Amino acid sequence: MRKGLFALAAVGLLATGSMAACGDDSGSDSGSGSSGGGSAAAGKVGVILPDTKSSQRWGTDDPKFLKAAFDEAGVQVDIQNAQGDKNQFQTIADGMISSGVKVLMIVNLDSGTGKAVLEKAKKAGIATIDYDRLTLSGGADYYVSFDNVKVGELQGEGLINCLTEKKYTKPVVAELNGAPTDNNATLFKQGYDSKLKPKYDDGTFTKGPDQSVPDWDNAQAGTIFEQMLTGNKNIKGVLAANDGLGNAAIQVLKKNKLNGQVPVTGQDATVQGLQNILAGDQCMTVYKAIKKEADAASKLAIALAKNEKPTTATGTTKDPESGKDVPSVLLDPQSITKENVKDVIADGFVTKDAVCTADFAKFCTEAGIS
């Protein structure tokens, strides 16, 4: 990321409160630590990412940004992806722990699996970081993420604005939530429900079907939303927890010739999500500057690998199960609509060539993307 939306503060990262990696078929991406000016005494860092299906970030963005940060610091890193398999997640962790990593950073598949891994690491004297998702009762030493309640608030506000523009009377709103095993999905829902509930309570909106999507699975999301729409033809708005779920709903709406008429939210500012916004099929998305998140997590891990005391985790996040305050770095998300899609491109998160393909070139021109 270069200058852009989040150049608010070098570390505009800090807020108080909350693929396998590009490589061979084994799913491993190890940095040699040969570049940069790191200490020869620095320990190795292990990173376990969750899957490559739920969001493009886990297969492309995070591995790239993390590896670059560790390489620049001269710290050896092993980045692997569990591909949505809990057993594989544990196997990767066991291998990293036995190989002698000094720091283990994980994005859990669920809190149960994550907790077991974190406990093994702690017994081995390994420092631990929850990356992006908090492992409930996991006891990680640090947590790096975005303010996920705020992500949900932006989604709720975005849907309210889009439905208001449509001038619908008491529109029925369907909620397509993320995985029930992902604490982030719980926080997103907390955020958007805090904005939507007052509208339900005063009768401005009508609360419709409300269902979680196991494992953030887009195919299941399509099936679930089709059932929602079949059972309630009056759905006029969809609070979809990310761009993948949003696109699944949009495909169903297209099949019923309702796309563009029913506002749909998203999150992650994926190429697909941005294209859907430009085409008028998606109301908004939430941009999370993943490079800033990766850099913040890397900075913590690098300090720990070098036996230095981290100085950046100045916030805390309360684990709702254990009650423990986890030292945290939390970043600010950004709402994206058609009016500011160009800012995501200018920030270097996605390229114009990726977004403004032949089918979307005219929409890009209309949106001032040059």
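Ala-269 sits in the loop between α7 and α8, and that loop is a good place to start. Helices (H or I, at least four residues) and strands (E, at least two) are DSSP runs, numbered from the N terminus. The model is a predicted one, in which local features need pLDDT of at least 70 and side-chain atom pairs count only at pLDDT 80 or more, while totals for chains, interfaces and linings use all residues. Residues are numbered from 1 along each chain as its sequence is written, and side-chain values use heavy atoms, with hydrogens and water left out.

**Exercise 1. Positive phi in loops**

Task: Work out whether Ala-269 is buried or exposed, and do likewise for Lys-167.

Solution:
- Start with the backbone: Ala-269 has a positive phi of about 50° although it is not a glycine.
- Next, apply the cut-offs: buried means under 20% relative accessible area, exposed over 50%, and partly exposed in between (1.4 Å probe, protein chains only).
- Ala-269 has a relative accessible area of 0%, so it is buried.
- Now turn to Lys-167, another non-glycine with positive phi, about 60°. Lys-167 belongs to the loop between α4 (148–166) and β7 (172–177).
- At 69% relative accessible area, Lys-167 is exposed.

**Exercise 2. The helix after that loop**

Task: Decide how many of the 8 residues of α8 (residues 271–278) are buried.

Solution:
- List the buried ones: Val-271, Gly-273, Leu-274, Gln-275, Asn-276, Ile-277 and Leu-278.
- That gives 7 of the 8 residues, so α8 is largely enclosed by the rest of the structure.
- Finally, look just past the helix: Gly-280 follows α8 and has a positive phi near 90°.

**Exercise 3. Two helix pairs at an angle**

Task: Describe how α6 (residues 218–231) packs with α7 (residues 243–255), then turn to α4 and α5 (residues 183–201).

Solution:
- Two packed helices are described by the angle between their axes and the distance between the axes. Axes are lines fitted to C-alpha atoms, for helices over the stretch in contact, and angles run from 0 to 180 degrees between N-to-C directions.
- For α6 and α7 the angle is about 45° and the axes lie 8 Å apart.
- Angles under 35 degrees count as roughly parallel, over 145 as roughly antiparallel, 65 to 115 as roughly perpendicular and the rest as oblique. The α6 and α7 pair is therefore oblique.
- Check the handedness: α6 passes α7 in a right-handed crossing (left-handed if the near helix is turned anticlockwise from the far one by less than a right angle, right-handed if clockwise).
- On the α6 side, the contact residues include Ala-221, Phe-225 and Leu-229, and on the α7 side they include Leu-245, Ala-249 and Val-252. Contact means heavy atoms within 4.5 Å.
- Sort this contact by residue type to get 8 nonpolar, 3 polar and 2 charged. Here Ala, Val, Leu, Ile, Met, Phe, Trp, Tyr, Cys and Pro count as nonpolar, Asp, Glu, Lys and Arg as charged, and the others, Gly among them, as polar.
- Move to α4 and α5: their axes come within 7 Å and cross at roughly 35°, and this crossing is right-handed too.
- The α4–α5 contact divides into 7 nonpolar, 8 polar and 4 charged residues.

**Exercise 4. A residue inside α4**

Task: Find which residues Leu-159 is in contact with, leaving aside neighbours within four places in sequence.

Solution:
- Place the residue: Leu-159 lies in α4 and is buried, with a relative accessible area of 0%.
- Read off the partners: Val-173, Gly-237, Val-238, Leu-239, Pro-263, Thr-265 and Cys-283.
- Take one of them, Gly-237: it is 78 residues from Leu-159 in sequence, yet their C-alpha atoms are 7.3 Å apart.

**Exercise 5. The nonpolar cores**

Task: Identify which members of the largest nonpolar core touch the most other members.

Solution:
- Recall what a core is: a set of buried Ala, Val, Leu, Ile, Met, Phe, Trp, Tyr and Cys residues joined through side-chain atoms within 4.5 Å.
- Among the 53 residues of the largest one, the answer is Val-45, Val-47, Phe-70, Met-105, Ile-129, Tyr-131 and Val-355.
- Helix α9 (residues 290–305) supplies the largest share of this core, 9 residues.
- Apart from it lies another core, of 40 residues, including Val-172, Ala-179, Leu-245 and Ala-249.
- To finish, zoom in on Val-45: beyond four places in sequence, it touches residues including Phe-70, Val-101, Ala-301 and Ala-305.
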